[in-house]
Amino acid sequence: VTHLVLAKPSSSDVLADAMRGRRLTAFEQRLIQVLHDPIFQREDDLRTSEACALAYRRVRHLRDRLDLDARTLMGDFDRLLALHEWVALVDGTVMTVLTIHYNLCMGTIFNHGEGRAELRPLLNELDSMQSVGVFLATELAYGNNVQALETEALYDHETREFVINTPRPEAQKFMPNTGAEGVAKLGVVLARLKVRNRSVGVFPFIVRIRTAHALCPGVGVAPLGDKPDYALDNAITFFDHVRVPFHHWLGGAESQIDEHGQFTSRIASGGRRFLSAMERVQTGKLCIAAGGLGLLKSSLDLTLRYALQRRTFGPGRRDVSVLQYRTYQRPLFEGIAAAFACALVLQRAALDHATSAPSDLRALRMLAIAKIFISSRSMEVIAQCRERLGAQGLFSANRVITCWIHSNGVVTAEGDNEILLLRMAREMLVGSAYEPPAASEWAAPPLLESPDYLLSLLRERERKLVLELRGVMRTRGQSAMFDAWNELVCDAVELATLHVRRTALEVFNEYLNGVEDVTARDVLNRLLRLLCLKEIAGSMSNLMAQGLVDLTCDRRVASERSALAGSLLADAELLRDAFAIPETLLEAPIAKDYIGSYDRMSSPPPARESGFAVRALASLSAAEPELEPESAVKASRG
Ligand SMILES: Cc1cc2nc3c(=O)[nH]c(=O)nc-3n(C[C@H](O)[C@H](O)[C@H](O)COP(=O)(O)OP(=O)(O)OC[C@H]3O[C@@H](n4cnc5c(N)ncnc54)[C@H](O)[C@@H]3O)c2cc1C
């Protein structure tokens, strides 16, 4: 009998698994390899239009090298999430193009046109990226209220076509990526279907926007100009009676227009038809949350790498690394703790989504939780990274500021966080697929070293707040509906925010309970407690008012946070390895030996030339070995 002995994973592997949150597939490994291709090397000082053109070249390069096809991507969350996470880390604009092309555009065509042979040529065109797919839902006057959109699709029974039209300025499509000349675009356009002059709800329609040579007849596009560091060709887009054939209507199996021009649908209400048309936005939450996670991880990794090198003064010491300071440790290790929580909550949401019915409220809420938690944490933590990097954080070459800009997009797109929180709060208040946490039975004195105890405090805070707000709702029931809701809305957002954070921390705790490796478990335990204590510190006055903690707790929480952050210094390198991001992908001066990186850039120019232009030349050619050897440069400086 032969025994197969499997090597026990190292603590570093266990932490890397937790930080990845999903299994490492051959696809992911190949993707990381491909992102090392020269086309992905950072290029500075590009004009927006050049950066945009580069983004489309990169998108096509990825498609070709990875042989991407929509059907495989749609059916494999590990692939889809890995793609978003890693690509965002290298180029956030490319991630955005990919998510719109695959998830929103092609995903909507699959969901509503599955198996229809006449759509095959269009899907092939998109799969080959002969045309890039775009998604046109939002309108100038209809953002978060997009359900009220006004673009029309008038059914012409005689020709069995639809006429897509923008009836007034408010209905112009706002900010689809349709502006770039030379890139063919095929759009999924959300429009209000009118049959016999009666609106029957919002549906997706396939509309050709532009070929590689020109805009299509009847389509108007006005580029929206720059968004700093975000080189997407966003544009206002409108339609002047554009005719599309019958099969471009993505009515799904449930809705029909028969040979007499009669519309019928098994989806009862206009509201539900709209939700069905927007279905891919749900998966989109996962996709862009994965992108947000990539931005967060790379920013933290870069900050940690720099902090380990950067020296400063220290009382009684000649110099110390900036990471020796508690004021540096706390935000950085809390940020890293948040990154673990983000990875784990993303994976949980993906699993719930893959194993539940599309209308399952709890699974949908989990998607929103993942999207809100990851994007809001990313934006907050990346801003702190920028500040902790000092002036280095301002340079695009060091990437962090660009990551921060892209994390803003993740907050707003695929369901604005605030609106998702409001919806969640409403469901919690009316008890829709939600029960308040059970009352805490914790009798022992506060145990700050126990994640279970810390979580019980957060559960109790949520329970008390939801019951209190339900009481307020009952007493205000008589007021006008809007006024009553408006009075409550700030507390409602706070309630949902608590729920989002508490849920993410519970997911982290469940994962921790399954970790066997002693070192990894200990590190994760301290990170989780750090995160819980941060939440508790933020709610301290409420917790006191609710009698959940006493006055001494505030000080104890502050000193425990500080002590935990300090204890994690010894694990800094282990944590950096957990990001498992090849240094070669980070490609920033601060990623390693920042003095050496800048020194190479500032090497003296060759004889006879001087000034800024030459410095730029020297930096461009720094990587080329045949240039002046560094030793010679150093010698000539004397
Ligand atoms: C990077 C990026 C890419 C995008 N790509 C596309 C795309 O390809 N196709 C497309 O169709 N759209 C796209 N969008 C648009 C996106 O869908 C909208 O930005 C989003 O729906 C929010 O709409 P808005 O920006 O108009 O915000 P608004 O609806 O104008 O909201 C403005 C502010 O008011 C608040 N607010 C709004 N309504 C309420 C309310 N009822 N209660 C309380 N507060 C409220 C919001 O929280 C927000 O802070 C993209 C957006 C981004 C950021």
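The following exercises, each with a worked solution, concern the ligand shell, one hairpin and the cysteines of a predicted model.

Residues are numbered from 1 along each chain as its sequence is written, and side-chain values use heavy atoms, with hydrogens and water left out. Because the model is predicted, local features need pLDDT of at least 70 and side-chain atom pairs count only at pLDDT 80 or more, while totals for chains, interfaces and linings use all residues.

**Exercise 1. The ligand shell**

Determine which residues surround the ligand and which polar contacts they offer.

Step 1. The shell holds 16 residues, where a residue is near a molecule if one of its heavy atoms lies within 4 Å of it. The closest are Phe135, Ala137, Thr138, Asn144 and Asp416.

Step 2. Polar contacts to the ligand are pairs of N or O atoms within 3.5 Å. Ala137 places a backbone N or O atom 2.9 Å from a ligand oxygen. A polar side-chain atom of Thr138 is 2.8 Å from a ligand nitrogen, and an N or O atom in the side chain of Asp416 is 3.2 Å from a ligand oxygen.

Step 3. The protein buries 61% of the 970 Å² that the ligand exposes when taken alone (Shrake-Rupley method, 1.4 Å probe).

Step 4. Strand 1 (132–136), helix 12 (400–412) and helix 13 (417–430) are the elements that each give two or more residues to the shell; helix 13 gives the most, with three. Helices (H or I, at least four residues) and strands (E, at least two) are DSSP runs, numbered from the N terminus.

Step 5. By class, the shell comprises nine nonpolar, five polar and two charged residues.

**Exercise 2. A hairpin**

Describe how strand 11 and strand 12 are joined.

Step 1. Strand 11 (residues 311–314) runs antiparallel to strand 12 (residues 317–321), and three bridges join them; pairing requires that DSSP find at least two bridges.

Step 2. Gly314 has Arg317 of strand 12 as its bridge partner.

Step 3. Two residues lie between the strands, and Gly316 takes a positive phi near 80°.

**Exercise 3. The cysteines**

Establish how many disulfides the structure contains, and why Cys52 forms no bond with Cys105.

Step 1. The whole structure contains zero disulfides (pairs of cysteine sulfur atoms within 2.5 Å).

Step 2. The closest cysteine sulfur to that of Cys52 belongs to Cys105, and no bond forms because the separation is 17 Å, too far.

Step 3. Cys216 is likewise in no disulfide, the nearest cysteine sulfur, in Cys105, being 14 Å away.

Step 4. Cys52 is buried, at 6% relative accessible area, and Cys216 is buried at 12%; buried means under 20% (1.4 Å probe, protein chains only), exposed over 50%, and partly exposed in between.

Terms used:
Polar contact = N/O pair within 3.5 Å; in protein donor to acceptor, adjacent residues only side chain to side chain. Nonpolar A, V, L, I, M, F, W, Y, C, P; charged D, E, K, R; others polar.
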